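Here are a few short exercises on aromatic rings and surface patches. Have your viewer ready and try each task before reading its solution.

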Amino acid sequence: MRDNETVKIMDVNFLNCSKKEFLHDYLVPDLKNNRQKMIVTANPEIVMRVREDNNYKQIVNKADYVIPDGAGIIIASRILKQPLKERVPGYELMIDMLEFAGEHGYSCYFLGAKKDVNEKAVLEAKKRFPNLKVAGQHHGFFDIEDEEFAKKIAEAEPDIIFVALGLPRQEQWINRHRDKFSNGIFMGIGGSFDVLAGEVKRAPQAWINLNLEWLYRLLQQPFRFKRILKVFEFMIRVIIRK
């Protein structure tokens with residue numbers, strides 16, 4: 001990414017483009033030209049982890065694209081007077097990529113989540129996009145350092161690899177094993193399989209438009225409270241420039 005295409009928030013350089021621009025100006029050419037790329041869908045929690053964990057910081061900084069997945073990131077960019085064009089929700093981007101893959105013959109690998117959730121997510125993806133090629137699937141309970149397991153996925157030659165292991169495992173796995181693949185778009189997607197599988201309900205559009213999707217998730221999953229505290233810490237540090 002060129003400097004004029006990014007906005008730096010703390011130690012993370014975010015690609016400054018709309019979801020539509022990202023798909024058509026970056027990902028489509030990458031797929032057509034068999035390029036290998038790593039996407040980090042970064043929210044305030046990821047930015048705070050980067051700040052606190054130097055090893056994780058190095059991994060995120062090696063990603064080809066870091067996109068702003070989180071209302072807090074957009075608000076922070078405005079506070080810093082470097083406004084990002086729009087939020088690019090990881091779940092929505094995943095759905096758009098599945099649709100494009102189904103229409104143009106690209107294959108996808110589904111890695112992560114619980115076994116039953118993974119299976120439901122793949123079935124739902126096939127239902128929505130009947131022509132989708134599934135290169136393979138596997139739940140998220142495995143040793144991320146397992147070289148042979150990663151090689152087996154590479155042998156399936158997927159064009160897109162969705163990695164739903166949560167942070168920091170998904171980015172660690174991609175960073176550790178991407179060199180085993182000749183090409184492929186790698187994307188860490190957190191809990192998106194849970195949403196696709198219908199295990200977690202996404203916020204109504206009105207909540208999303210008001211940048212309150214985080215609150216809707218918290219009401220659904222109160223155990224996320226500690227994670228939300230990181231969002232507040234992030235906003236405070238942006239405001240005081242620390």
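**Exercise 1.** In this predicted model, decide whether Trp-173 is buried or exposed.

*Solution.* Start with the relative accessible area of Trp-173, which is 0%. Buried means under 20%, so Trp-173 counts as buried. Try Phe-181 in the same way: its value is 6%, and therefore Phe-181 is buried as well.

**Exercise 2.** Find how many aromatic pairs there are, then classify the one formed by Phe-110 and Phe-162.

*Solution.* The count comes to 9 aromatic pairs. For Phe-110 and Phe-162, the centres are 6.0 Å apart and the planes make an angle of 50°. Stacked needs under 30 degrees and edge-to-face over 60, so this pair is tilted. Now place the partners: Phe-110 belongs to strand S5 (residues 107-112) and Phe-162 to strand S7 (residues 160-164), so the pair links distant parts of the chain, 52 residues apart. Both Phe-110 and Phe-162 are buried.

**Exercise 3.** Classify the pair of Trp-173 and Phe-181.

*Solution.* The ring centres lie 6.4 Å apart, with 70° between the planes. An angle over 60 degrees counts as edge-to-face, and that is the class of this pair.

**Exercise 4.** Which residues have a charged end over the ring of Phe-142 and over the face of Tyr-56?

*Solution.* Over Phe-142 you will find Arg-169, 5.8 Å from the ring centre. Over Tyr-56 lies Arg-49, at 6.0 Å.

**Exercise 5.** Locate Ile-240 and describe its surroundings on the surface.

*Solution.* Ile-240 is in the segment after helix H12 (225-239). Ile-240 is partly exposed, at 49% relative accessible area. Together with Ile-236 and Ile-239, Ile-240 forms a nonpolar surface patch of about 300 Å² accessible area.

How values were computed:
Residues numbered from 1 in each chain as written. Predicted model: local features only at pLDDT ≥ 70, side-chain atom pairs only at ≥ 80, totals over all residues. Heavy atoms only, no water. Patch = residues over 30% accessible without salt bridge, like charges linked within 9 Å, V, L, I, M, F, W, Y side chains within 5 Å. Areas by Shrake-Rupley, 256 points an atom, 1.4 Å probe, with all protein chains shown as cover. Salt bridge = Lys/Arg side-chain N within 4 Å of Asp/Glu carboxyl O. Helix = DSSP H or I, 4+ residues; strand = E, 2+ residues; numbered from the N terminus. Buried < 20%, exposed > 50% of the residue type's maximum accessible area, 1.4 Å probe, protein only. Phe/Tyr/Trp six-rings, centres within 6.5 Å; stacked < 30°, edge-to-face > 60°. Lys NZ or Arg CZ within 6 Å of the ring centre and 35° of its normal.
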